[in-house]
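Student: I would like a close look at a single residue, and then at the parts of the chain that help me place it. Please keep it plain.

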Amino acid sequence: MNEKYKVTSLFSGCGGLDLGFINAGFEVVWANDFFSDAVETYKNNIDTHIVLGDITKIPSEKIPDDFDVLLGGFPCQGFSVANTKRNMDDKRNFLYKELLRLIKDKQPKFFVGENVKGLLSMQQGKVIEMIIEDFRSIGYKVEYKLLKASDYGVPQNRERVVIIGNRLGLKNPFPKITHGLENNLFDRNLKPYISVKEVVGHLADIRTRDISFELNGKLIHNHVARMNVADKFWGRKHNVNQDEICGYLRYWRDKSGWSTKKVDEHFGYAYTAGHWFRKDNNSGSIPNPSDWRELKKLFNFDDKYDLAATELELKDIKFEQSLRISNWELPSDTITATGPEIHPNRERRMSVRECAIIQTFPDDFVFYGSLGSMYKQIGNAVPVLLAEKIAEVIKLELDKYEQSISNTEEAINTNRIIREKVFK
Ligand SMILES: C[S@@+](CC[C@H](N)C(=O)[O-])C[C@H]1O[C@@H](n2cnc3c(N)ncnc32)[C@H](O)[C@@H]1O
């Protein structure tokens with residue numbers, strides 16, 4: 001097809017999803033976000049068609065009518081597994097209604113929604129059901145799938161729910177997996193996963209700096225990083241013998257006639273008390289100072305271990321090894337919006353550029369805003385390459401559809417010409 005399919009994009013952020021569609025040959029005609037740094041990044045790297053503003057305040061008439069695909073990676077905070085308070089009342093959970101409104105008002109051929117994996121388990125699956133039902137109720141054929149970015153050549157095990165819908169009665173296409181573990185017995189055609197080291201190894205020994213610089217003939221932008229790899233924490237002042245204290249608490253629990261279950265219920269815990277009374281293995285734990293004082297009230301024990309259990313002091317902590325990016329030789333864990341992991345062999349976090357590379361943004365894509373803001377824009381984004389793979393299969397479906405329409409038109413025209421000739 002010669003003319004490019006047109007796209008409108010909601011919740012565009014800095015443009016990961018949009019750039020994937022552009023790379024696959026689509027033209028984005030209108031985009032929106034209310035995060036000004038992300039809009040600045042978008043404008044400088046993609047185009048000025050992005051409008052800064054709250055989508056709930058932008059009437060449909062202000063948005064172009066003529067486009068083929070609507071994109072909307074609707075915000076996910078309320079849905080995230082990491083957020084234990086997620087619930088159906090969180091206002092952000094209803095931002096998919098903006099996508100719904102635009103689909104209803106503009107009737108795009110296809111739409112693509114994107115969200116975190118937690119959406120699937122929220123309210124025992126009721127939320128995703130409700131969303132899909134809402135899209136179906138306005139005449140769209142809708143499917144969703146959990147896609148793992150590393151399966152498509154992104155050096156990151158990011159999992160995202162992708163919802164695709166169309167009003168043409170076509171199949172909703174999802175891209176085929178192209179990458180996997182080496183020596184995959186089930187599919188020998190898969191290419192090996194891309195590792196973190198492969199893509200950012202060249203920056204490991206390069207010191208971070210505020211300005212762009214040249215490395216091996218290539219300009220490197222945004223190689224800036226958070227340096228906090230150590231911190232302070234409140235730790236116990238005295239050496240404690242955990243086994244002894246657990247035994248002591250167990251004695252007083254029995255003496256005062258409390259069961260472990262009753263103690264848990266009293267504190268509102270699910271299993272914690274079980275660990276306080278454990279004597280026989282390494283999974284015991286000592287109650288924190290306020291729980292200790294409450295237990296003392298319940299069991300009325302003496303002062304023997306009060307200081308050991310309750311006196312704290314500020315200590316230095318080196319962040320756990322676990323906070324380091326662990327998969328240097330494999331795809332990384334999810335790059336989040338809140339803060340990157342520590343570099344595997346440097347005393348710094350992964351730099352903005354390293355995170356951007358792991359999210360498959362091109363090297364010349366420059367981010368704007370404070371350090372935290374840049375990390376956030378990148379962590380929010382759909383990996384460009386994953387977006388491109390999704391865009392490619394949608395484009396194929398659209399091409400087939402356009403082809404079938406033009407075949408039908410051609411057939412009608414041929415019939416008309418034949419009829420005209422016969423009845424002349
Ligand atoms: C998950 S991010 C989308 C990232 C984007 N799809 C990408 O690939 O880069 C969600 C975006 O929704 C934006 N957002 C949230 N509420 C909004 C609102 N009411 N109006 C406009 N944008 C909003 C946030 O600022 C954020 O950039």
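Student: Does Lys-376 count as buried or exposed, and how many C-beta neighbours inside 10 Å does Lys-376 have?

Tutor: Bear in mind that this is a predicted model. Lys-376 counts as buried, because 22 C-beta neighbours lie inside 10 Å, and the cut-off for buried is 20 or more. Lys-376 sits in helix H13, which covers residues 371-380. In space, the C-alpha of Lys-376 is 9.0 Å from that of Ala-38, although 338 residues separate the two in sequence.

For the chain as a whole, 34% of the 424 residues count as buried. The chain has 14 helices and 13 strands. If we take its contacts with a separation of 6 or more, 67% are between residues 24 or more positions apart.

Just before H13 comes a loop, which runs from helix H12 (352-358) to H13 and holds Thr-360. Thr-360 is not a glycine, yet its phi is positive, at about 60°. Thr-360 is also buried, because it has 26 C-beta neighbours inside 10 Å. Compare Asn-300, another residue other than glycine with a positive phi, here near 60°. Asn-300 is in a loop too, the one between helix H10 (289-299) and helix H11 (306-310). However, Asn-300 counts as exposed, because it has 10 C-beta neighbours inside 10 Å, and a residue is exposed at 12 or fewer.

Next, the ligand. Its shell consists of 22 residues, and Ala-381 is one of the closest, along with Gly-13, Gly-16, Phe-35 and Gly-73. Helix H1 (16-23) and strand E2 (27-33) are the elements that supply two or more residues to this shell. By class, the shell has 12 nonpolar, 8 polar and 2 charged residues.

H1 also packs against a helix from much later in the numbering, H14, which covers residues 384-423. Two packed helices are described by the angle between their axes and the distance between those axes. For H1 and H14 the angle is about 50° and the axes are 7 Å apart. That angle makes H1 oblique to H14. The crossing of H1 past H14 is right-handed. On the H1 side, the residues that meet H14 are Gly-16, Leu-17, Leu-19, Gly-20, Phe-21 and Asn-23. On the H14 side they are Val-384, Leu-385, Leu-386, Ala-387, Glu-388, Ile-390 and Ala-391. Sorted by class, this contact has 9 nonpolar, 3 polar and 1 charged residues.

Leu-17 of H1 leads on to Glu-114. These two residues are 97 residues apart along the chain, and their C-alpha atoms are separated by 9.3 Å. Glu-114 belongs to strand E5. Like Lys-376, Glu-114 counts as buried; it does so because it has 25 C-beta neighbours inside 10 Å. Setting aside residues up to four places away in sequence, Glu-114 touches Leu-17, Gly-73, Arg-160, Val-162 and Val-382.

Strand E5 (110-116) is also one of the elements against which the buried residues of helix H3 pack. The others are strand E1 (6-10), strand E4 (69-72) and helix H5 (126-137). H3 covers residues 96-106, and its buried residues are Tyr-96, Glu-98, Leu-99, Leu-100, Leu-102 and Ile-103. Just after H3 comes Gln-107, with a positive phi of about 50°.

A last case is Pro-64, in the loop between strand E3 (50-52) and E4. Pro-64 has 11 C-beta neighbours inside 10 Å and therefore counts as exposed. Even so, Pro-64 has contacts beyond its neighbours within four places in sequence, namely with Thr-8, Val-29 and Trp-30. From Pro-64 to Lys-106 the C-alpha distance is 8.4 Å, with their positions 42 residues apart in sequence.

To return to your question: Lys-376 is buried, with 22 C-beta neighbours inside 10 Å, and its place is in H13.

Notes
Residues numbered from 1 in each chain as written. Predicted model: local features only at pLDDT ≥ 70, side-chain atom pairs only at ≥ 80, totals over all residues. Near = placed C-beta within 6 Å. Helix = DSSP H or I, 4+ residues; strand = E, 2+ residues; numbered from the N terminus. Nonpolar A, V, L, I, M, F, W, Y, C, P; charged D, E, K, R; others polar. Axes fitted to C-alpha atoms, helices over the stretch in contact; angles between N-to-C directions. Parallel < 35°, antiparallel > 145°, perpendicular 65-115°, else oblique. Left-handed = near helix turned anticlockwise from the far one by under 90°. Contact = placed C-beta atoms within 7 Å.
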